[in-house]
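Subject: Structure for you to look at

Hi,

Here is the structure I said I would pass on. Open it next to this email and follow along as you read.

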There are 2 protein chains.
Amino acid sequence: MEQKQQDKLISVTAKLGLKNFLKEGIKMAANFSYNTRDIKFALKEWLPTEEIFSYDKYNGYYSKQDLDMMVDQVYKMSSDLIAPTNDDGEKSPVYFDNGKVYLPASFKKLYRYIQENGWGAANIDEAAEGTIPYTVYLPLMEIMSAANPAFMAYIGLTNGAAGLIQSYGSEQVKKIFLPPLMDGSWAGTMCLTEPTAGSDVGDILAKAYPTDDPGIYRIKGSKIFITGGDGDHADNFVHLFLARIDGAKPGVKGISLFVVPKYWVNEDGTLEPNDVETTGVEHKMGLKGSATAALAFGDNNSCRGWLLGSYDAENKEGQGMAQMFQMMNEERVNTGMLALSVTANAYWNAAAYTGERVQGRLMTNPGAGRTQIINHEDVKRMLLLNKATTEACRAILLKTAYYIDVEHHDPNPDRRKWAGGMAQCLTPVAKAYTSDEAWSLIGESIQAYGGYGYCEEYPVAQAARDVKIYSIWEGTNYIQSMDLLGRKWVMGKGAVFAGLLKEIDYFIKKNKDTTVGFEKEFINLGRALQSYLAIQKLMAGYMADKQFGLIPTFSRRILTATGQLVGAYYLLDQALVADKQMKELAEEHYDYNFYRGKVASARYFLRNVVPNVWLVEELVADGDNTVIDVPPEAFQY
Amino acid sequence: MEQKQQDKLISVTAKLGLKNFLKEGIKMAANFSYNTRDIKFALKEWLPTEEIFSYDKYNGYYSKQDLDMMVDQVYKMSSDLIAPTNDDGEKSPVYFDNGKVYLPASFKKLYRYIQENGWGAANIDEAAEGTIPYTVYLPLMEIMSAANPAFMAYIGLTNGAAGLIQSYGSEQVKKIFLPPLMDGSWAGTMCLTEPTAGSDVGDILAKAYPTDDPGIYRIKGSKIFITGGDGDHADNFVHLFLARIDGAKPGVKGISLFVVPKYWVNEDGTLEPNDVETTGVEHKMGLKGSATAALAFGDNNSCRGWLLGSYDAENKEGQGMAQMFQMMNEERVNTGMLALSVTANAYWNAAAYTGERVQGRLMTNPGAGRTQIINHEDVKRMLLLNKATTEACRAILLKTAYYIDVEHHDPNPDRRKWAGGMAQCLTPVAKAYTSDEAWSLIGESIQAYGGYGYCEEYPVAQAARDVKIYSIWEGTNYIQSMDLLGRKWVMGKGAVFAGLLKEIDYFIKKNKDTTVGFEKEFINLGRALQSYLAIQKLMAGYMADKQFGLIPTFSRRILTATGQLVGAYYLLDQALVADKQMKELAEEHYDYNFYRGKVASARYFLRNVVPNVWLVEELVADGDNTVIDVPPEAFQY
């Protein structure tokens with residue numbers, strides 16, 4: 001690792017003086033209970049991270065040996081600086097008063113700190129050296145998010161906005177907006193949703209009118225659900241704003257993307273109001289420290305924005321959707337990461353609590369007296385379901401990030417294309433499978449706590465309240481499931497997705513007869529793969545029969561089956577690594593139980609979760625169309 | 001219906017003057033969206049309610065013709081008087097200050113109103129005429145609970161306490177406590193849980209010491225999670241208190257039950273403090289208007305209580321657990337009802353919202369333009385899953401209530417015994433299946449709303465926060481599952497539960513060949529029944545092999561399968577009634593879509609939910625013992 005990077009990392013420790021300042025006056029529930037061992041395992045022992053480090057962009061800055069230190073430093077920062085702000089978000093939620101939005105006090109200082117120290121938008125700076133590849137940055141964000149998911153939205157959105165400006169902005173636009181976005185003076189957002197257009201982004205009403213200044217448009221429209229849309233933590237807000245240029249085509253093709261700052265930046269660098277008004281913030285179930293704003297642009301006809309890219313006046317088509325999707329795809333992966341961070345943190349809290357709480361006697365050994373409830377089978381089952389599923393989700397997320405890095409940086413164009421396809425196939429699964437499972441998994445973590453799980457003094461109730469949005473934002477999980485079936489399955493005439501399935505088949509064939517102790521697990525993975533192939537065939541048959549309604553009827557269940565199949569493959573792949581380690585280590589070795597746990601995760605998942613894949617096959621084969629036939633009026637009862 | 005009862009019912013309308021008073025100053029989200037058609041169907045067209053009405057206890061007071069009016073009156077009361085208080089609980093939660101507990105203002109008046117008008121504890125008065133049988137009272141409570149579940153806890157607990165005193169109190173105790181409990185001046189609680197003993201009630205530390213006054217004991221102990229444990233809505237709190245008499249056996253056999261009032265009642269009727277101190281209230285995820293109190297009894301050694309029943313000094317055994325279980329069994333059914341009320345209310349809110357919200361185009365007909373989202377297949381799927389499952393749960397709950405009425409009132413002792421057995425078999429399912437499904441069902445209702453579902457201005461976020469406790473209190477759902485497998489399966493050497501399964505077999509044999517249009521549904525029910533029998537056999541085998549750990553490993557999944565099997569049987573039974581009606585009614589008939597919806601519920605449930613039963617069989621047959629083998633240390637990762 002270069003000295004410069006070491007300095008960057010070590011700065012975290014140096015600046016821990018901030019810690020006491022942030023903690024001042026904040027009474028906090030102990031809720032950051034993250035463990036980084038699985039992240040380190042995935043990066044060091046499972047993924048070919050050295051391949052990523054070897055790319056020109058990263059070469060020489062990092063090696064696998066640096067990973068422990070990077071993870072540990074971010075863990076320390078998360079524990080000491082970020083986690084203490086979590087309660088502040090709960091106890092002093094974002095509020096709106098007289099046109100202004102106020103954040104919890106500790107968030108403001110933390111936002112500046114994270115950005116200034118290069119853990120936020122600066123990490124995507126293409127011109128900078130020593131930025132951290134996504135494969136590594138994603139799990140680092142996971143750790144930070146677990147410490148305060150409401151806060152991390154401000155970082156994530158600013159990263160996304162800066163990334164879009166970097167990709168599509170003119171030199172002038174980049175010069176104006178990138179430096180303050182990267183150093184934490186300003187913040188970024190993405191403005192898609194309107195009161196009457198959410199999932200249906202092609203129906204937005206926001207408009208843009210050309211002005212005499214080339215590249216500058218007059219902007220008009222209302223946006224809602226804008227995460228980080230306003231606050232007192234930044235001097236300016238840079239909105240990436242979807243609108244239709246006057247006269248452009250209807251639907252998604254006519255949409256363009258604009259950079260619309262809250263304060264217009266004059267040539268001399270001074271700021272003046274840009275007719276962007278905040279009209280309120282949502283009172284949400286969770287993520288109470290995150291400002292979800294409603295914004296009115298151009299109510300006084302004096303709002304201006306910079307067009308990103310170009311507008312095709314002849315065909316009346318904009319580039320907005322394609323541009324936004326560059327950001328959106330990565331935000332979808334990030335959303336899965338956020339859901340994972342909240343879920344895994346709840347799991348580790350439940351594991352810690354149940355390891356302390358004494359209640360009941362073991363059915364298998366009642367004479368031994370009362371025991372910690374972690375020894376009860378049903379508690380272990382809830383924890384193991386959580387452990388196995390969060391590890392499966394983490395594996396899917398990290399693989400997706402890995403493919404994205406390969407896509408962006410591999411010298412071989414064929415390999416870039418292949419990796420890009422794999423990333424696209426996995427993205428809806430990484431987003432939706434993780435955020436779907438999160439709800440029931442956290443439900444079980446609450447259950448493991450018993451009555452205290454229902455009390456806000458303990459952290460799992462908040463986890464449930466925080467996590468529910470991730471199945472909705474960045475495209476609802478239904479949208480993800482239709483993306484999977486309607487786009488990803490059919491990419492390259494189906495060859496891309498078939499490649500993913502072939503990889504599973506190859507893995508089974510390669511290992512099933514040479515690996516001792518996982519016979520049943522390989523049988524189940526093989527059966528799940530065959531079921532999945534059958535599901536694809538059945539759905540193709542329904543399409544051919546024009547039974548189109550069965551696609552959306554089954555799409556979410558099929559997405560779940562996809563997550564279970566792919567997650568099972570990755571978990572079993574990891575278990576083979578862990579099994580080898582177990583054989584080399586003594587039972588007393590400090591790492592032995594980690595590897596044993598990895599094997600248990602795979603085993604539990606393969607034998608208790610994966611069988612759902614063939615249940616889904618059976619349901620798809622039945623093709624029940626009650627959902628399609630039932631009239632909406634029946635739901636009045 | 002007798003004039004007296006009509007008066008009682010009509011009084012609701014007369015007293016609606018209270019409505020404006022209660023609504024004063026309360027800004028409320030429209031969230032009571034209940035529909036009573038399925039309740040009326042179950043009571044009038046499915047259950048033999050006339051059999052209950054014919055019992056001596058009820059004879060002459062009600063007939064089936066009165067049911068519509070009863071339900072409608074309670075609906076009106078719930079809508080006009082109870083629902084407006086719901087937001088008050090959210091916006092002015094219960095709080096604790098200087099040793100006292102304060103309820104939302106509107107709750108206090110409402111509590112008195114409900115009790116005074118006979119909708120609460122007075123309805124269990126055995127001496128009174130014209131009380132409403134449980135089969136009818138349970139769904140009436142369901143409607144009331146949907147309007148404000150936090151409030152209904154005060155009513156339910158007072159009912160339970162009054163019921164226990166009625167059953168086991170001496171004449172003196174009854175005279176002191178029953179009248180003020182029934183007229184709403186006082187409130188009741190049940191005090192089981194202690195800081196170190198929750199599920200494990202046999203380990204309670206609370207003690208009772210004899211005094212010179214026969215039947216009166218000195219009481220000492222700390223209790224937590226006491227629902228309705230204190231407040232400013234009642235002049236006295238009557239705690240049904242579990243404690244061990246000094247010298248009694250350890251474990252559950254040594255426990256006795258005491259009536260411990262907050263204020264001791266002197267012979268002249270005056271009250272004086274009884275050394276019962278409230279030490280705090282929990283800050284809960286939901287049910288914020290419900291006081292969950294921590295209470296200290298006898299810290300100054302001057303707390304007294306009345307023993308209920310007797311103490312066997314020779315064997316050192318108390319009657320407390322048996323007595324408490326009388327109350328507990330019904331409270332478990334009531335808990336299922338509460339979970340149902342919150343879930344169904346969220347479902348109907350989601351149905352109403354999705355019927356208004358316009359977004360997207362239909363995949364099957366994109367040219368038709370934008371549509372209400374209730375027309376999208378995935379939204380319909382979420383709603384239908386909710387509709388079918390809540391109807392299955394309602395059917396299980398009502399059947400249980402019906403069996404309880406038969407058990408209590410049928411003149412034939414054999415039939416009473418049979419019905420009691422059936423009620424016992426169904427009780428853990430009614431409690432746990434309903435409260436387990438509630439979490440994922442409300443998750444889908446939030447999902448159906450999209451982003452607004454995450455905002456507290458809409459009612460579904462609160463529904464999720466309110467509902468989670470029901471899977472925990474009154475015995476966690478794991479306790480319920482072990483009750484099912486360990487007690488209910490083996491009652492009468494297995495004959496009782498086998499009777500329930502034989503009834504399903506009989507239903508299939510009787511109808512499968514004579515009923516047109518439900519062929520696949522009967523096949524699935526039959527297959528589920530065979531799977532269930534196989535599950536029982538497999539579990540018996542594990543017991544015989546002394547693989548005891550597999551019982552708790554699978555018990556909750558088996559409980560779910562039980563709910564799915566029994567729920568499917570009831571839904572299909574109801575669908576046959578509905579199908580007959582459909583054939584007799586024109587499609588234009590106002591009730592046609594209701595019956596069509598009943599058939600759709602059964603069909604969806606049988607073909608999309610029930611197949612899980614054979615998946616559970618497969619998992620049980622695999623008998624994976626990873627859960628048992630994994631060491632607790634593995635959960636540190």
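Let's start in chain B, where Arg607(B) and Glu521(B) bring their side chains together in a salt bridge, 3.4 Å from N to O. Their positions along the chain are 86 residues apart: Arg607(B) belongs to helix H19 (residues 592–609) and Glu521(B) to helix H17 (residues 519–544). Arg607(B) has a relative accessible area of 15%, so it is buried, and Glu521(B) is buried too, at 1%. Before you go further, keep in mind that this is a predicted model.

That bridge has plenty of company, since the program found 84 salt bridges over all chains. Over in chain A, try Lys598(A) and Asp38(A), whose closest N and O atoms are 2.6 Å apart. This pair joins helix H19 to helix H3 (residues 37–46) of chain A, across 560 residues of sequence. Lys598(A) counts as buried at 1% relative accessibility, and Asp38(A) does at 3%. Both of them also sit in a network of salt bridges with Glu142(A), Lys387(A), Glu391(A) and Arg394(A).

Back in chain B, have a look at Lys223(B). What does its side chain meet in a salt bridge? The partner is Glu194(B), at 3.0 Å from N to O. Because Lys223(B) is in strand S5 (residues 216–227) and Glu194(B) is in the loop between strands S3 and S4, the bridge ties together parts 29 residues apart in sequence. Lys223(B) is buried, with 1% relative accessible area. The charged end of Lys223(B) also sits over the ring of Phe241(B), 4.9 Å from the ring centre. You can find another such contact where Lys399(B) lies over the face of Trp46(B), at 5.0 Å from the ring centre.

Now for the rings: there are 67 aromatic pairs over all chains. In one of them, Phe32(A) and Tyr75(A) are tilted, with 35 degrees between the planes and 5.3 Å from centre to centre. Are these two buried or partly exposed? Phe32(A) is buried at 14% relative accessibility, while Tyr75(A) is partly exposed at 27%. In chain B, Phe41(B) and Tyr595(B) have planes at 70 degrees and centres 6.3 Å apart, so that pair is edge-to-face. Phe41(B) is in helix H3 and Tyr595(B) in helix H19 of chain B, so the pair connects parts 554 residues apart in sequence. Both rings belong to buried residues.

One last thing to look up is a cluster in chain A, where ring pairs link Phe32(A), Tyr34(A), Tyr75(A), Tyr347(A) and Trp348(A).

Cheers

Key. Residues are numbered from 1 along each chain as its sequence is written. Chains are lettered from A and ligands numbered from 1 in the order in which they are written. This is a predicted model: local features need pLDDT of at least 70, side-chain atom pairs count only at pLDDT 80 or more; totals for chains, interfaces and linings use all residues. Side-chain values use heavy atoms; hydrogens and water are left out. A salt bridge is a side-chain nitrogen of Lys or Arg within 4 Å of a carboxyl oxygen of Asp or Glu. Helices (H or I, at least four residues) and strands (E, at least two) are DSSP runs, numbered from the N terminus. Buried means under 20% relative accessible area, exposed over 50%, partly exposed in between (1.4 Å probe, protein chains only). Rings of Phe, Tyr and Trp (its six-membered ring) pair if their centres lie within 6.5 Å; planes under 30 degrees apart count as stacked, over 60 as edge-to-face and the rest as tilted. A charge sits over a ring if NZ of Lys or CZ of Arg is within 6 Å of the ring centre and within 35 degrees of the ring normal.
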